[in-house]
Protein chains: 2
Amino acid sequence: MESDKVIRERRSIRNYSTRGIADSVIEELIDLALHAPSSMNGQPWHFIVIRDDRVKDALVKIKNTCCPLEKQQYQADFLKKAPVVIVVCIDRNKSYDRGVENAVLAASNIMLGAYDRGLGSVYMSAYKTGDTYLSEEIRKILNIPLEIDPVSIIPLGYPDETPQKKTVKYVKEVISRESYNSR
Amino acid sequence: MESDKVIRERRSIRNYSTRGIADSVIEELIDLALHAPSSMNGQPWHFIVIRDDRVKDALVKIKNTCCPLEKQQYQADFLKKAPVVIVVCIDRNKSYDRGVENAVLAASNIMLGAYDRGLGSVYMSAYKTGDTYLSEEIRKILNIPLEIDPVSIIPLGYPDETPQKKTVKYVKEVISRESYNSR
């Protein structure tokens, strides 16, 4: 699919059909992730591919425990129905203090590649700024070593919903020239 | 261009020709950015489009001042030759503690859209974790209000270099199943 079309049409999907995802497709998505830019070309990524319901359950529990009050309509239970969940991690020793950015650039490629293959996905965070509880619990669930940090959680599945086109802001509302206040 | 091709072939470009970039192209890129996912669909983005050499000079100075020792080969001087620089900002009140992730997802769309249009780009950070100096200096240069944070700096220009294909890791090196150590 054309790149612009993928970027414009991709929507966050939280309802998945029971159709499974071939390992070869997951590996294609991870290969796309590996083509993201990274600080000093450190390529600090590691990807944990989860298909086991018990592991998904554990992730759901900790995500719900850490769900802030204002996001209560976004409980993580839907994740159990995703046939595959990819947790994007980074190696702190290879990410030059840019681990979050490196991980998110890779996660973006996964989500765009997923849409291009008919898959739905949604971006979820594996850490909370200023509070290590969420990431440390995820570290325990997935046996992630101390020098590696989980950053993003990407559930994947063939969509069981057809979301409407998203209404986005007009460019003129969000742009300024040379300085914040100069439109 | 096919989405996979854009993702696989895009390289970071730091040498730009003198060819200018039409405003219409910049607005297309910002529209692509607006199609990124955002926490609670807050669409917290603001984009500052810089063409003025004095503003670019000020950004170069502060980026070089804050350049860590291990990144000295990545001085920011090249940015002066980029005909356009986009600074991606987020509104903290609309980003639910996910400002960095929201900004990077938008920046990713800009960079992919740029490559699809024959433009080069490179990802640069407008903040440093645990140290507000860089972001506060950028705030002063661009008159960014206190509730808005600069996150990413994306120089754009038609390439004056032809980088080689990037060698990325093999998927099997960076993947595990269910748990970090299970390949």
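## Strand S1 of chain A

In this predicted model, both faces of S1(A) are covered. A:Trp45, A:Phe47 and A:Val49 point to one side, A:His46, A:Ile48 and A:Ile50 to the other, and all of them are buried. Put as a count, that is six buried residues out of six.

What does S1(A) pair with inside chain A? Its partner there is strand S2 (residues 84-91), which runs antiparallel to S1(A) and is joined to it by six bridges. One spot to look at is A:Phe47, which sits opposite A:Val88 in S2(A).

## A strand pairing across the two chains

S1(A), residues 45-50, also pairs with a strand of the other chain, S6(B). Here the sense is parallel, and the pairing runs over three bridges. You can follow it residue by residue: A:Ile48 stands opposite B:Ser176, and A:Val49 has B:Arg177 as its bridge partner in S6(B).

## The rest of the contact

Zooming out, the contact between the chains takes in 59 residues of chain A and 58 of chain B. On the chain B side, the elements that each put in at least two residues are helices H1 (3-9), H2 (23-34), H4 (99-116) and H6 (171-174), plus strands S1 (45-50) and S6 (175-177). H4(B) gives the largest share, with nine residues.

What kinds of residues make up that side of chain B? The split is 29 nonpolar, 14 polar and 15 charged.

## How the copies are related

Turn chain B by 180°, with a shift of 0.0 Å along the axis, and it lies on chain A with an RMSD of 0.0 Å. The two copies are therefore related as by a two-fold rotation axis. If you want to find that axis from chain B, go to B:Ser3: its C-alpha is the nearest one in the chain, 1.9 Å from the axis. Both copies use the same surface, too, with 100% of the contact residues of chain B recurring in chain A.

## Chain A as a whole

Chain A has five helices and six strands, and along the sequence they come in the order α-α-β-α-β-α-β-β-α-β-β. Its radius of gyration is 17 Å, close to the 16 Å that the globule rule gives for 183 residues, so chain A is as compact as a globular protein of that length.

Along the principal axes, the C-alpha atoms of chain A fill a box of roughly 50 × 40 × 35 Å. Of its 183 residues, 48% count as buried. As for contacts within chain A between residues at least 6 apart in sequence, 77% of them join residues at least 24 apart.

## A buried tyrosine in a loop of chain B

One more residue deserves a look: B:Tyr127, in the loop between strand S4 (124-125) and helix H5 (133-142) of chain B. Why does B:Tyr127 count as buried? Because B:Tyr127 has 23 C-beta neighbours inside 10 Å, and the cut-off for buried is 20 or more.

Which residues does B:Tyr127 touch, leaving aside its neighbours within four places in sequence? The contacts are B:Leu134, B:Ser135, B:Asp149, B:Pro150 and B:Val151. To place this loop against the strand pairing described above, take B:Arg177, the partner of A:Val49: the C-alpha atoms of B:Tyr127 and B:Arg177 are 34 Å apart, with the two positions 50 residues apart along the chain.

Note on methods: Residues are numbered from 1 along each chain as its sequence is written. Chains are lettered from A and ligands numbered from 1 in the order in which they are written. This is a predicted model: local features need pLDDT of at least 70, side-chain atom pairs count only at pLDDT 80 or more; totals for chains, interfaces and linings use all residues. Two residues are in contact if their C-beta atoms, placed from the backbone, lie within 7 Å. Helices (H or I, at least four residues) and strands (E, at least two) are DSSP runs, numbered from the N terminus. Ala, Val, Leu, Ile, Met, Phe, Trp, Tyr, Cys and Pro count as nonpolar, Asp, Glu, Lys and Arg as charged, and the others, Gly among them, as polar. Two strands pair if DSSP finds at least two bridges between them. A residue is buried if 20 or more other C-beta atoms lie within 10 Å of its own, exposed if 12 or fewer, and partly exposed in between; C-beta atoms are placed from the backbone. Copies are superposed by least squares on the C-alpha atoms of residues with pLDDT of at least 70 in both. The radius of gyration is taken over C-alpha atoms; the globule rule is 2.2 Å times the number of residues to the power 0.38.
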